[in-house]
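Work through the exercises below with the sequence and the structure at hand, and try each task before reading its solution.

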Amino acid sequence: MDAHEDYVWPRATSELILLPVTGLECVGERLLAGEGPDVLVYTLDFGGHLRMMKRVQNLLGHYLIHGFRVRPEPNGDLDLEAMVAVFGSKGLRIVKIGWGQGRFRELWRSGLWNMSDWIWDARWLEGNMALALGHNSVVLYDPVVGCILQDVPCTDRCTLSSACLIGDTWKELTIVAGAISNQLLVWYPAAALTDNKPVAPDRRVSGHVGVIFSMSYLESKGLLATASEDRSVRIWKVGDLRVPGGRVQNIGHCFGHSARVWQVKLLENYLISAGEDCVCLVWSHEGEILQAFRGHQGRGIRAIAAHERQAWVITGGDDSGIRLWHLVGRGYPDSGVSALCFKSCSRPGALKAVTLAGSWRVLAVTDTGALYLYDLEVKCWEQLLEDKCFQSYCLLEAAPGPEGFGLCAMANGEGHVKVVPINTPTAAVDLTLFHGKVHSLSWALRGYEELLLLASGPGGVVACLEISAAPSGKAIFVKERCRYLLPPSKQRWHTCSAFLPSGDFLVCGDRRGSVLLFPSRPDLLKDLGVGGKVGAGTGALGTGRDGAYYQLLVRGGQLQPVLRQKSCRVRAVAVWGTGTPGGPQDPRPGLTAHVVSAGGRAEMHCFTVMVSPDPSTPSRLACHVMHLSSHRLDEYWDRQRNRHRMIKVDPETRYMSLAVCELDRPGLGPLVAAACSDGAVRLFLLQDSGQRLQLLAETFHHKRCVLKVHSFTHEATNQQRRLFLCSAATDGSLAFWDLTTVLDHGCPALEPPADPGLPYRLGSPCLTLQAHSCGVNSLHTLPTREGHLVASGSEDGSLHVFVLTVEVPELEEAVGGAELVPQLQVLEEYSLPCAHAAHVTGLKILSPSLMVSASIDQRLTFWRLGHGEPTFMNSTVYHVADVADMDCWPVSPEFGHRCALGGQGLEVYNWYD
């Protein structure tokens with residue numbers, strides 16, 4: 001194999017990198033993390049704090065780091081220095097590092113060795129390295145000299161998805177290979193010494209119904225754990241795998257993840273797994289979930305490590321974050337998950353309802369009508385009372401409040417409600433509220449001043465009970481304050497309740513998804529009088545099963561929605577109006593901008609962002625985000641009286657791209673053009689500094705998914721600016737629209753809507769052009785002396801460059817008051833069919849003679865323009881996977897241009913002219 005030294009392209013260097021963390025390893029009291037080709041070294045203290053010591057850039061060249069292997073030392077001391085093998089993709093490098101006196105030092109590094117196949121696992125064998133390669137072979141490698149000592153294939157030369165090497169010498173080396181056939185293949189490379197032929201598998205283990213992504217072996221207990229695409233973790237009893245012919249037994253089939261499981265790691269007392277659902281689970285060896293760690297965002301957790309002595313689990317995710325979690329369990333005093341054994345001869349019956357009373361007490365009701373209390377500090381069950389009326393059907397709700405504030409309520413199917421003081425259960429109060437079933441209970445607490453219990457009965461009636469305590473504190477008083485009536489629905493009962501901050505009103509949610517406002521006292525509306533300011537300035541938040549939350553404002557005794565937010569993937573972002581916090585006249589440092597974001601579920605939101613210096617934060621910066629407005633594409637449909645006769649907009653319509661068109665007309669805000677998956681190009685008008693977002697016009701000219709929109713201006717000879725919009729669709733066509741003409745008052749380019757309340761219809765485009773044979777993912781323009789230079793990139797890896805001229809008729813040329821419609825023509829046109837090996841997702845024309853493009857093939861390429869067909873200049877490899885967009889801007893004559901690439905991570909390159 002060849003050693004490739006750290007080769008740096010002569011004109012491009014990586015300045016910043018922010019990628020998924022794909023490798024983690026604890027070395028003594030330090031942590032090594034792999035982020036792209038970089039190694040990050042942290043110190044780990046007993047308080048669980050990470051402090052970065054060093055970032056070693058570009059250690060693995062253009063490969064991504066997938067793992068670290070630390071060479072075992074005879075004395076086991078890794079506090080001063082360590083020899084570490086860093087591997088990923090097809091690359092391997094050995095580094096000797098030291099960290100004496102709290103400083104990181106790189107003592108020595110080998111060359112970057114390039115293997116012929118993907119490296120799935122590596123293991124130190126007496127100074128040499130054993131490598132498990134991607135097509136089921138094992139290589140014994142001398143990492144210092146850089147030569148192969150042994151190369152042993154398996155007879156089953158299948159593609160592997162994972163592998164695990166076991167053993168300390170070549171003679172006892174064992175490989176457990178995860179094949180794409182969902183099997184585990186166990187074989188011994190040293191068996192090839194006898195006949196010098198490929199080695200047959202010793203055992204084949206089946207069980208998973210998906211690809212096996214990770215495995216871990218615990219030699220002390222003879223256990224093997226595997227993680228798979230089928231969302232499960234399996235535990236196998238394998239004994240000593242170094243001995244051929246052993247028996248393999250599946251002793252655990254663990255389901256706890258909601259998506260694919262990427263990583264698994266066996267510890268002495270635990271099993272750690274992490275996956276695509278961004279959850280890290282801690283299991284017992286018997287398959288019981290002990291802890292669940294949630295916090296990462298993005299597409300999952302890619303790397304896990306553990307420090308058993310300090311009881312820490314470390315996870316690295318696709319969000320470029322590293323998180324530390326405290327590993328606790330049954331062997332520790334502060335148990336993360338406690339098993340509350342209820343079954344006992346002294347406690348007959350089965351549990352029917354359970355609830356928390358504070359953070360250290362649990363209440364439970366059985367089918368015998370008995371109410372029990374479990375104290376997590378005393379760790380025992382105590383029976384509070386028993387009432388046969390609550391045997392068959394029982395609701396149980398504990399009152400909110402500070403620790404030790406003990407009240408709970410029980411309700412049954414005959415309209416009875418029992419309010420129980422937990423500390424003095426003999427003082428319980430019984431009431432009969434309804435002649436039928438109590439459907440729901442909820443508490444509403446306002447500080448220490450007021451406590452209400454709401455009970456829903458038949459016919460949508462809600463009884464509001466006022467709870468107060470006697471001066472002695474040993475008794476309670478319960479009286480009915482008033483009753484509310486819910487609107488008709490199939491399941492007519494309330495689900496939750498809360499006081500508004502003023503305390504004058506209650507907000508309730510019901511089963512049909514409504515948020516209702518009730519006066520907390522029956523005489524409240526009479527006291528306020530007609531026309532009084534009822535709840536002015538107060539608001540509430542509501543959530544539901546649809547995954548959305550509403551911000552509601554109380555005005556005039558009515559609830560008005562201010563913001564509706566639903567979790568959706570953001571696909572497009574546009575920025576405009578950048579400046580400083582105090583405006584042009586204020587020299588205060590900082591940055592302000594307006595941001596429009598859009599994505600799935602046909603939603604668009606407008607925010608204002610302010611970044612200012614803040615010495616109290618680790619980054620020395622503070623970022624404040626304020627929501628200004630939002631728009632839901634089908635909201636106009638909801639307002640129509642005859643909407644049953646209209647076609648509803650698909651609620652799953654996606655916004656693929658956004659472009660801000662800033663207008664030079666006073667009093668008229670910017671336009672936002674959106675490329676939509678339903679085949680439309682839509683124009684939105686932002687007014688009142690972004691506080692109003694209105695759909696102005698739309699067109700379905702493309703009749704297929706529109707992938708990209710881009711706006712540009714044309715300076716006419718009469719000093720008039722004209723605004724144009726270019727849109728591109730999945731059929732490879734480009735369309736150009738004259739927005740200046742569209743916005744003119746009374747212009748026929750805007751056709752009236754077919755029905756009142758619908759947006760205007762955009763007319764025909766000025767020019768259409770078939771640039772590609774498939775979808776256009778990138779688009780950019782640049783004004784030149786001849787006109788406008790237009791470039792586009794397609795899904796087939798091709799580039800299309802042409803010169804566009806704009807001819808605007810003079811005013812005297814208009815006959816009979818006709819519109820001055822500009823004429824667009826193509827002068828020169830060039831195509832590069834194989835510019836990239838994959839989709840071109842980023843494109844920028846830097847000057848009339850220079851263009852840069854980025855593709856899914858992870859290559860940033862510069863092109864020379866101006867002499868006929870674009871010619872190749874230079875190319876460099878970046879590490880961001882699935883790059884979605886790119887921007888490039890000039891820095892200075894000395895430092896050339898800077899390019900930012902965003903996808904599954906972020907990377908910034910400097911390109912020197």
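## Exercise 1: A salt bridge between two strands

In this predicted model, the side chains of Lys96 and Glu81 meet in a salt bridge, with 3.5 Å from N to O. Determine which strands hold the two partners, and how many residues apart they are.

Solution. Begin with the location: Lys96 belongs to strand S8 (residues 91-98) and Glu81 to strand S7 (residues 81-88), so that the pair, 15 residues apart, links distant parts of the chain. Next, turn to accessibility, where a residue is partly exposed if its relative accessible area falls between the 20% limit for buried and the 50% limit for exposed. Lys96 has a relative accessible area of 28% and is therefore partly exposed. Glu81 is also to be classed as partly exposed, because its relative accessibility is 35%. Finally, place the pair in the wider count, which comes to 29 salt bridges.

## Exercise 2: A second pair and a network

Find the salt-bridge partner of Glu698, and decide whether Glu698 is buried or exposed.

Solution. The partner is Arg682, and the closest N and O atoms of the two residues are 2.9 Å apart. Glu698 sits in strand S55 (residues 692-699) and Arg682 in strand S54 (residues 681-687), and this pair, 16 residues apart, links distant parts of the chain. With a relative accessible area of 13%, Glu698 is buried, and Arg682 is buried as well, at 2%. Salt bridges may also join into a network, as is the case for Glu172, Glu219, Asp240 and Arg242.

## Exercise 3: The surroundings of Glu450

Describe the location of Glu450, and work out which arginines its side chain meets.

Solution. Glu450 is part of strand S39, which covers residues 450-456. Its relative accessibility of 9% is under the limit, so Glu450 counts as buried. Towards Arg481, the side chain of Glu450 makes a polar contact of 2.6 Å. Towards Arg446, Glu450 forms a salt bridge in which the closest N and O atoms are 3.1 Å apart, and Arg446 itself is partly exposed, with a relative accessible area of 23%. When neighbours within four places in sequence are set aside, the contacts of Glu450 are Ala444, Leu445, Arg481, Phe499 and Gly503.

## Exercise 4: The surroundings of Asp738

Establish where Asp738 lies, and which groups its side chain reaches.

Solution. Asp738 is located in strand S58, which runs over residues 733-738. A relative accessible area of 6% makes Asp738 a buried residue. The side chain of Asp738 is joined to that of Arg722 by a polar contact of 2.9 Å, and the side chain of Asp738 also reaches a backbone atom, the nitrogen of Thr740, at 3.3 Å. Not counting residues up to four places away in sequence, Asp738 touches Arg722, Leu723, Phe724, Cys766 and Pro822.

## Exercise 5: Cysteines without a bond

Explain why Cys154 is not bonded to the cysteine whose sulfur is closest to its own.

Solution. The closest cysteine sulfur to that of Cys154 belongs to Cys158, and because the distance is 7.1 Å, the two are too far apart for a bond. The cut-off for a disulfide is 2.5 Å between sulfur atoms, and by this rule the count comes to zero disulfides. Cys154 is buried, with a relative accessible area of 1%, and Cys278 is buried too, at 10%.

## Exercise 6: Loops and the surface

Locate Asn58 and Ser89, two residues with positive phi, and then name the residues that make a nonpolar surface patch of about 360 Å².

Solution. Asn58 has a phi near 55 degrees, a positive value in a residue other than glycine, and it lies in the loop between strand S5 (50-56) and strand S6 (67-70). With a relative accessible area of 25%, Asn58 is partly exposed. Ser89, which is not a glycine either, has a positive phi of about 55 degrees; Ser89 is placed in the loop between S7 and S8, and it is buried, at 11% relative accessible area. The patch is made by Leu107, Trp108, Val144 and Val145. Of these, Val144 lies in the loop between strand S13 (137-142) and strand S14 (147-153), and Val144 is exposed, with a relative accessible area of 57%.

Terms used. Residues numbered from 1 in each chain as written. Predicted model: local features only at pLDDT ≥ 70, side-chain atom pairs only at ≥ 80, totals over all residues. Heavy atoms only, no water. Helix = DSSP H or I, 4+ residues; strand = E, 2+ residues; numbered from the N terminus. Buried < 20%, exposed > 50% of the residue type's maximum accessible area, 1.4 Å probe, protein only. Polar contact = N/O pair within 3.5 Å; in protein donor to acceptor, adjacent residues only side chain to side chain. Contact = heavy atoms within 4.5 Å. Patch = residues over 30% accessible without salt bridge, like charges linked within 9 Å, V, L, I, M, F, W, Y side chains within 5 Å. Areas by Shrake-Rupley, 256 points an atom, 1.4 Å probe, with all protein chains shown as cover. Salt bridge = Lys/Arg side-chain N within 4 Å of Asp/Glu carboxyl O.
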